[in-house]
Amino acid sequence: MAPLGLTCPDCSSPNIVEDDLYSQPQLVCEDCGSVVSEGALTSDRGEGTDVSYRLTTAVSKQPCVNQIKGLQRVKAICRILRLNSEIEELAETYYKQAYEHRNFINVSLQKKDALVGCCVLVSCRLRNWPITMGTVSCLLDTDPMLVGVIYQEMVKTLNIEPHSQACIADVLEAHCQEYKISSPHVPEELAEDTKDITKRAVALVELAADSWIVTGRRPLPIMMATIFLAWQSLNPTKLRLKYTLERFCQLAKVTKTKPALKRITEIKEMLCKLGQEIPWLRGVVTPDNAIQQVEYILKYRYALLRRALRTHEDALMDAQQPSCKDFQPGIQSEEPSSKVAGPSQTSWPAEQTTNKSFEEASESNTENNQQPGDEQVNLCSTGAQVSQDLEPNWGKRLLFAPPCVKHPKIRRMDKPALKDVTGEEEISDSEIDSYIRSPQEVRAFALAKMMLCSSDKH
Amino acid sequence: MDSSNDEALDIIVTNVVATFRTRCHLNLRTIALEGTNVIYKPEVGKVLMKLRKPMITASIWSSGKIICTGATSEDESKLGARRLARSLQKLGFKVRFSDYKVVNVLAVCSMPFAVHLIDFTKNNRPIASYEPELHPAATYRIKNLKATVQVFSTGSLTVTGPNVQNVATAVEQVYPLLFECQKPLCN
């Protein structure tokens, strides 16, 4: 109700009401509708302007609302991760630079959120603070692939040269903290001190890296596998050995990753190969009893590695010797095996120690046998052809090689490429006609289509 | 194609992408009706036409721009493109084969040794980049050749470049760098 005593200047009626137009308080006459008085249009507001950021022509641009929010998110993430102030400031600087760059100013809000995480990631990498992309995408609750894409774009745009991924050993320490496997959380027989697990897991990871299990793989499953094996090996009781990865993850309250199972198998295989070389062990080392030997394997790993490689070399040489002795003149019935083809492949410049002595030994053998004449050369070259057709797997010759080389997928033979094509040949009419429908076919096709359409409608 | 090194490295070209123009408007409905081996995609506005020999798939737009993919050599790609233009001519369009250009060549190659990607990336920063969480291969971009080499830890390489010569040169350039990183540094 209007204050008493006010009358409309036009029609002198006392019926004046408060009627706000949007946010502007007004006093309006009820009878004739004229505005008696009006209040202020705007009030003092802290942030934001009435003109949108894009349309503003202010000379010194203030950061827009989203940029301010983004910077606050950067600060929040740094606090959550307990990063030091240097990294925090660096992340904020990068965020400002990236946000205002033309590559990022117009991207969607989702991508700008991902940019927040990428700036933190890059600053951590530059200051050698171990952090994975998985952690960042978890904190932001976004798709890790999106984070990856934005990260690469950002690094290219800002011309940063981050150090490559921190080595797994550093990230492992932080990751181990997540596993609730120490005394208060689990029963005594299953408990282990986090520091001990970390130490052993780091040693296992380094050993895995030496045997080609780590290169090219995602870090998380490897970390999970090594922590699990470390936990089992620190106290290899029957109870612990019976535990599967799934139960262990439930115990430690972490989510299991499927590839971790494959990594466990690969690491156990590697442990078996090294366990075989332990001098005081009798009997075969199988994946089941390899865990008990982990302590010794880790303690003497370099010596065991050397022994294993040497044993493998000797085994290869022994396999090579008898087939070279068969390299006698006049043997046509002898089928060239892939091992005989070995010497003809000395053109590979590879100087792997496993193959070096192997090549030298076989070269001296072939020199001795070269007098008997051309049949030898023919046998050798046909052997080479046969083996190249079979695609000899160099991975099988080595003791340690990346797993997908040792167990390659069988590829189907691709169609051979057209030979002697110049690109300028004549194209005959008959060839082209095969790609064009005859008029009868066209009519039939059109009819069929019409019938199908009409039947769809009904 | 073999490189000029002593060792014979088999570089197998698996895909060649080329574009050309017909300099005339093409009626996609006619092509879809009267051509065999065609798929009409009205929502995108193009027709996919597949040739049997050479095995090529072509995307045809009504503006007359055509992209050919699937050939295994540059000459095969040109032959396929010309065959395609000829078929369109027979369908009744006033086609002129012009602006033929090979846009991209994809080749694979295999090293007879495994490559330690972390060492490779460390030695070749910033040209090489490796993010195991995103992709299992390290990417090596050669700016002057405009070629990208993806190196897997098994020693396989995937090379993309603007033509076959660049691709071969890229493999030659990258080979010695890979050779250095055969074994993990810590051993």
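Biologist: How much area do chain B and chain A bury between them?

Modeller: This is a predicted model; local features need pLDDT of at least 70, side-chain atom pairs need pLDDT 80 or more, and totals for chains, interfaces and linings use all residues. Buried area is the accessible area (1.4 Å probe) that two parts lose on being put together, summed over both. Carbon and sulfur atoms carry 58% of it here. The total for chain B and chain A is about 4800 Å².

Biologist: Which three residues supply the most of the area that chain B buries against chain A?

Modeller: Together they give 15% of that area, more than any other three residues. They are B:Pro112, B:Glu133 and B:Leu134.

Biologist: Which residues form the salt bridge between the chains?

Modeller: A salt bridge needs a side-chain nitrogen of Lys or Arg within 4 Å of a carboxyl oxygen of Asp or Glu. The count between chain B and chain A is 1. Its closest N and O atoms are 3.0 Å apart. The partners are A:Arg125 and B:Glu131.

Biologist: How many residues of chain B are in contact with chain A?

Modeller: Contact means heavy atoms within 4.5 Å. On the other side, chain A contributes 53 residues. Chain B also contributes 53.

Biologist: Where in chain A is the pLDDT below 50?

Modeller: pLDDT is the predictor's confidence in each residue, from 0 to 100. Chain A has a mean of 76, and 77% of its residues reach 70 or more. The stretch below 50 still has 68 contacts beyond near neighbours in sequence. It covers residues 326-391.

Definitions and conventions
Residues numbered from 1 in each chain as written. Chains lettered and ligands numbered in written order. Heavy atoms only, no water.
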